[in-house]
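Dear colleague,

I am handing over the structure we spoke about, with my notes on it below. Please read them with the model open beside you.

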Amino acid sequence: MPILVTNQSFQDMFGTTRSYLKSNVGDDNTASINIQESIQVISGNGNSLTNNVSTDIMTFLGGDFEEEGFRANDTVVIVVYNVNTGNTISTKTTTIDYVVGDTMKVASTSANWYELPDEAVSITTSRARESMMLDVNMVANGSAGSEFSLIDGEVTRFNFDLTGGGTAFTGVQIGNKSGSYDVTASMTLTSSAGASTREYTMTLRFTQIGLYNSNLFSFGNCVKLYAGMSWSSLAGEPFGQTIDVFNDDADTGWFNQGFNSSVIDATLVQGITTLAYDSVTTGQFVIDSASNDYAIGSAYISGSDSYYKIQPESQTNLTMIVSSSIPVNGVPNQSALNPDGAGYTIELTSLATVGTQRTVGFTFTPNSAFTTFMSSQTEGNRTFYVWMKFGNVNVLVFSGQLSSAPVVVGTINMNATNYIDHSQNSPSDEDTTLSVTGYTGNVEDDFGFVAKWLWIKKATVSYVRVGIRAYNSSTEESFMLQQTSFSLNNIPQTGPLDSYVLNLTAPINTELPTTSNKIEATLINDNSINTAIEYGVKLYYPYLYNWRYWIAQANANGDFYPNNQTQNWVPYGNTGTWGLQSIVEYDLNGSAYQYTDDITILNYDSDANIVQDIQLFRNDPLTNVNVIIEGEMMRVVATHTLTSGTWSESSVWGMITIEPTASSPRWLSSTAIDFDGSLLNPLTPLTGLRCDLTFPSTNVARLECFFDPTKINLTNGVKFTTKIKGCIWP
């Protein structure tokens, strides 16, 4: 064949190279296609070349000399050879007088011609084809496909001028670009295998289509790359092109699919409930995946044909896409800009891993043109997607309408607020009529924040957000450290008060035992505080005072750069005018209301009256070793000695914790929470379900539990901590 695809490879964003396309919607890909190009015909394989010596005319039965690239004045070499041995029988060099379809006249033909079945003839010119028109598209697997886009029927077309010499050629795109996302096409002349054959590598960079139409991937369907090549023998010729198409089947998927055929290795635990088109949105989402390959992407999905179909701009600009991108700490991912200059940035501010659960912090920042553009769109035409790629799945973490963030006009008048600690582990502990503010705790403490308020009947509310933020009392700067959102958009209002029927939950602390009451947040009705025209709402929000000093908190203010921009909350709570706040926000009839409360975080060992000591013992026989003996059950003993006063045995509680150094997850054995039976926990009670607590003397409290080193990563060592809480009597 004169045009022959000899090899192909596809590279994904993680650098993995395959011989076929494996991609999800919104992913960037690079295809490398190796091509041999020559102007040549060979007899055989169903083609027959005849030769009239008297007229110097050759006839190509079943073929077309023009489509094969031969033109008048070309110099051709006619070789007759033995097909079994490859030995040349005769060689004739001549020039072409004219070519018309299957007929070619030359100045003089070869006196010898081939005899079947042992002989054949090849006719070759060393001149290269001078141009190539390339159509790039995505078409259905299993089909021949065409150049016409599945989005809007437009053709993504490139012209290659191969006459300028050199080895590098760039395709120039012509026509409307809305048939696809941005595509770049280039070719490199890699070698000339003899005078008559050229070898090119064609490189295509493209974004996987499918955002507009999930049906392309339904019932095992998917789409593949189509690269239709029309090679012109002479530059500018509108006829006689040599056609070749690459359209090998692919393995591609939509959101929440493991490509087309892979086992899904990532699932959504908690998504993004709301995104504002007119203000900065910060928050978190949670994905369960064991994969360490991840990327983030986002795009606008217009519902208006006149906006995104048959346009000079590509879908890259029209969707303002951030194609699946590996995030860099502290570097926002900038979207493409639409024709109005509208765009945004989306930044991953944190990624915490506990087991296989990934809690991802993000900041979404629209530019002013984006706000103007979205404001002009009709209700329902602000559809937006955000996805997080883990492993083989693009998990859709937001799929809905962008909303307007109402201006904060007032303070939430709380009926009650309270904080409950680790030992208060019953749902009844959440009931409160108190108004406790300004709570204090230590790093690694887990708390539950309880808030109650009233909504007037028939009030419209779309969201409730709760979290912890760092706040500068002097400059009023702030940034979120942790946040959870509840969406009320699809909840009915019923009853005499036209109240929302609330029973919402959201996972929070996946590293706590399942027996803890502080692993999920709740938003429910509280009828105990109802009035004649108002109904009660109760929010319960558990959280950990974060200690993760090794995980970046990229959205932290520059005051904490470079060493303290981590998820350890202590610097944000005691550095200059910076402090920590609980924050609750909701919108009410189109206006935003907010509640904040200053909270205090102390470091480890903040009580100078308690001297702590942790020791390791070999369990059998019980021997103090203070080193980890791999593969052998051990015992952890934590002693807490008062320098003055005595312990109140009835109210003291405590825990021992362990984590791999600068890693996750963190495990605990508690005197207040039952062991949940996890086979992964390296800390287990000596007896029963709780950590052992004894008082060898009135001023000494001792915690003990078993430690199994086989259940934790010891590569970089491990970190033990201990804490004790409760009443201390002087």
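What follows goes through two sheets, one buried residue, the empty spaces and a few backbone details.

Please keep in mind throughout that this is a predicted model.

I begin with an open sheet of five strands, whose order is β14-β12-β11-β17-β18 and whose pairing is antiparallel. The edge positions are taken by β14 (172-174) and β18 (242-246), and because each of these has a single partner strand, one side of each is left without a neighbour in the sheet. From one strand to the next, the twist averages 25°.

Going through the sheet pair by pair, strand β11 (residues 131-140) is joined to strand β12 (residues 156-161) by six bridges, with the two strands running antiparallel, and in this pair S131 stands opposite D161 of β12. On to β17, then: β11 and β17 pair over 10 bridges, again in the antiparallel sense, and the bridge partner of V136 in β17 is A227. A227 also has a bridge partner in β18, namely F246, and the antiparallel strands β17 and β18 are joined by five bridges. As for the surroundings of β17 (residues 223-232), 10 of its 10 residues are buried, so this strand is largely enclosed by the rest of the structure.

The other sheet I looked at is also open, and it has four strands in the order β23-β22-β27-β28 with antiparallel pairing. Here β23 (322-325) and β28 (393-401) stand at the edges, and since each has a single partner strand, one side of each lacks a neighbour in the sheet. Neighbouring strands of this sheet are turned against each other by 15° on average, direction ignored. Within the sheet, strand β22 (residues 294-301) pairs with strand β27 (residues 383-390) over eight bridges in the antiparallel sense, and Y294 has F390 of β27 opposite it.

A residue that may be worth a look is M58, which belongs to strand β6 (residues 57-61). Its relative accessible area is 0%, which is under the 20% cut-off, so M58 counts as buried. Once its neighbours within four places in sequence are set aside, M58 is in contact with a list of residues that includes T50, N51, F65, I78, D102, W113 and I123. For D102, the C-alpha to C-alpha distance to M58 is 8.3 Å, although the two are 44 residues apart in sequence.

Turning to empty space, a search of the whole structure finds six cavities of 30 Å³ or more. The largest cavity has a volume of about 280 Å³, and of the 23 residues that line it, those closest to its centre are Q284, T359, Q482, I508 and R548. At least two lining residues each come from β21 (281-289), β25 (344-354), β26 (357-366), β34 (478-487) and β39 (534-544). By class, the lining of this cavity divides into nine nonpolar, 12 polar and two charged residues.

The largest pocket holds about 630 Å³ of space. It is lined by 27 residues, and V280, T281, T282, M480 and E585 lie nearest its centre. The strands β21, β33 (463-472), β34, β40 (578-588) and β41 (591-602) each supply at least two residues of the pocket lining, with the largest share, four residues, coming from β34. This lining is made up of 12 nonpolar, 11 polar and four charged residues.

Finally, there are some backbone details that you may wish to inspect yourself. The peptide bond from Y561 to P562 is cis, with omega near 0°, and P562 is found in the loop between β39 and α4 (570-574). Another cis peptide bond, with omega about 0°, joins S664 and P665; the place of P665 is in the loop between β46 (653-660) and β47 (667-670).

Although E476 is not a glycine, it has a positive phi of about 65°; E476 sits in the loop between β33 and β34, and its relative accessibility of 59% is over the 50% cut-off, so it counts as exposed. N626, which is likewise not a glycine, has a positive phi of about 60°. This residue N626 is found in the loop between β43 (623-624) and β44 (634-642), and at 41% relative accessibility it counts as partly exposed.

With best wishes

Definitions and conventions
Residues are numbered from 1 along each chain as its sequence is written. This is a predicted model: local features need pLDDT of at least 70, side-chain atom pairs count only at pLDDT 80 or more; totals for chains, interfaces and linings use all residues. Side-chain values use heavy atoms; hydrogens and water are left out. Two strands pair if DSSP finds at least two bridges between them. Axes are lines fitted to C-alpha atoms, for helices over the stretch in contact, and angles run from 0 to 180 degrees between N-to-C directions. Buried means under 20% relative accessible area, exposed over 50%, partly exposed in between (1.4 Å probe, protein chains only). Contact means heavy atoms within 4.5 Å. On a 1 Å grid over the protein atoms alone, a cavity is a set of points where a 1.4 Å probe fits but cannot get out, and a pocket is an open set with protein on both sides within 12 Å along at least five of seven lines; lining residues have an atom within 4 Å of a point. Grid points are joined across faces, edges and corners, and a volume is the space filled by probe spheres set on the points. Ala, Val, Leu, Ile, Met, Phe, Trp, Tyr, Cys and Pro count as nonpolar, Asp, Glu, Lys and Arg as charged, and the others, Gly among them, as polar.
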